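Me: Could you take one part of this model and go through it closely, strand pairing and cross-links included? I'd like a connected account rather than a list.

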Amino acid sequence: MKTRIVAILLSLTSLTTQAAILTCPDPQTTSLKWGEPPKPWLVDPFSPNRPQGEDNTQFIRANIMVAGIGRGVVCSYKNSIGLYSIWWPVRVKVPAREDYRWIDTVGGFVCTESLSSCQFSVETD
């Protein structure tokens, strides 16, 4: 009986806290191509430059922020103007220690692999 109750509670919890596996926006196929962060992304207030639409823009890294005022994801890109970044203030699951793509740093995690390799898990309602 207790096992059944625990199983039901775990099932209900998993239904209410869903996660979506995502990556940073692709600068070639999203509105970043025109210098606009796709929704729900915002221009990072600490970015050295504003997003610029440019064909040769490259993804540089993704950061999962866990320190400070909360969690979120910052994506950094490089083009002829220099570096720029966008961010999404959202609840992100901390990567597993076994996930070799994400390096544990002060204040969060960083992934410098390809755009498709830097996957993160966002909690959805």
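Reply: **Strand β4 and what surrounds it**

Let's start with a pair of serines: Ser76 has Ser85, in β5, as its bridge partner. Before going on, a word on the ground rules: this is a predicted model, where local features need pLDDT of at least 70, side-chain atom pairs count only at pLDDT 80 or more, and totals for chains, interfaces and linings use all residues. Numbering runs from 1 along each chain as its sequence is written, and side-chain values use heavy atoms, with hydrogens and water left out. Strand names like β4 come from DSSP runs numbered from the N terminus (E, at least two residues, for strands; H or I, at least four, for helices).

β4 and β5 are antiparallel partners over seven bridges, where pairing means that DSSP finds at least two bridges between the strands. The two make a hairpin, with two residues between them. On to another partner of β4: β3 pairs with β4 in the antiparallel sense, also over seven bridges. Here Ala62 is the residue standing opposite Cys75 of β4.

Zoom out and you get an open sheet of six strands, antiparallel in its pairing, in the order β2-β5-β4-β3-β7-β6. Its edges are β2 and β6, each of which pairs on one side only. As for β4, seven of its eight residues are buried, so the rest of the structure largely encloses it. (Buried is under 20% relative accessible area, exposed is over 50%, and partly exposed lies in between, with a 1.4 Å probe and protein chains only.)

Cys75 is also where a cross-link comes in. A search of the whole structure turns up two disulfides, a disulfide here being two cysteine sulfur atoms within 2.5 Å. Cys75 bonds to Cys24, with 1.9 Å between the sulfurs. The torsion about that S-S bond is about -80°, so the Cys24 and Cys75 disulfide is left-handed. It ties together distant parts of the chain, 51 residues apart: Cys75 sits in strand β4 (residues 72-79), Cys24 in the loop between β1 (18-22) and β2. Both Cys24 and Cys75 are buried.

Now the other disulfide, which joins Cys111 to Cys118, S to S 2.0 Å. This link of Cys111 and Cys118 is left-handed too, with -80° about the S-S bond. Cys111 counts as buried because its relative accessible area is 0%, and Cys118 is buried at 1%. Counting bonded cysteines along the chain, the disulfide pattern is 1-2, 3-4.

Thr23 gives a view from the loop between β1 and β2 towards Cys118. The C-alpha atoms of Thr23 and Cys118 are 6.1 Å apart, although 95 residues separate them along the chain. Setting aside neighbours within four places in sequence, Thr23 is in contact with Trp41, Leu115, Ser116, Cys118, Gln119 and Phe120; contact means heavy atoms within 4.5 Å. At 31% relative accessibility, Thr23 is partly exposed.

Back towards β4 by way of another threonine: Thr57 is in the loop between β2 (42-43) and β3 (58-65). Not counting residues up to four places away in sequence, its contacts are Pro27, Gln28, Gln52, Tyr77, Lys78, Asn79 and Tyr84. The side chain of Thr57 also reaches the backbone oxygen of Glu54 at 3.0 Å. Thr57 is buried, because its relative accessible area is 6%.

To finish, there are the charged pairs. Two salt bridges come out of a search of the whole structure, the term meaning a side-chain nitrogen of Lys or Arg within 4 Å of a carboxyl oxygen of Asp or Glu. One of them is between Glu123 and Arg91, with the closest N and O atoms 2.5 Å apart. Like the link at Cys75, this pair connects distant parts of the chain: Glu123 is in strand β8 (residues 120-124) and Arg91 in the loop between β5 (82-88) and β6 (103-105), 32 residues apart. Arg91 is exposed, with a relative accessible area of 56%. The other salt bridge is Asp99 with Arg101, closest N and O atoms 2.9 Å apart. Asp99 counts as buried at 18% relative accessibility, whereas Arg101, at 21%, counts as partly exposed.

Conventions
A polar contact is a pair of N or O atoms within 3.5 Å; within protein, one must be able to donate a hydrogen and the other to accept it, and residues adjacent in sequence count only if both atoms are side-chain atoms.
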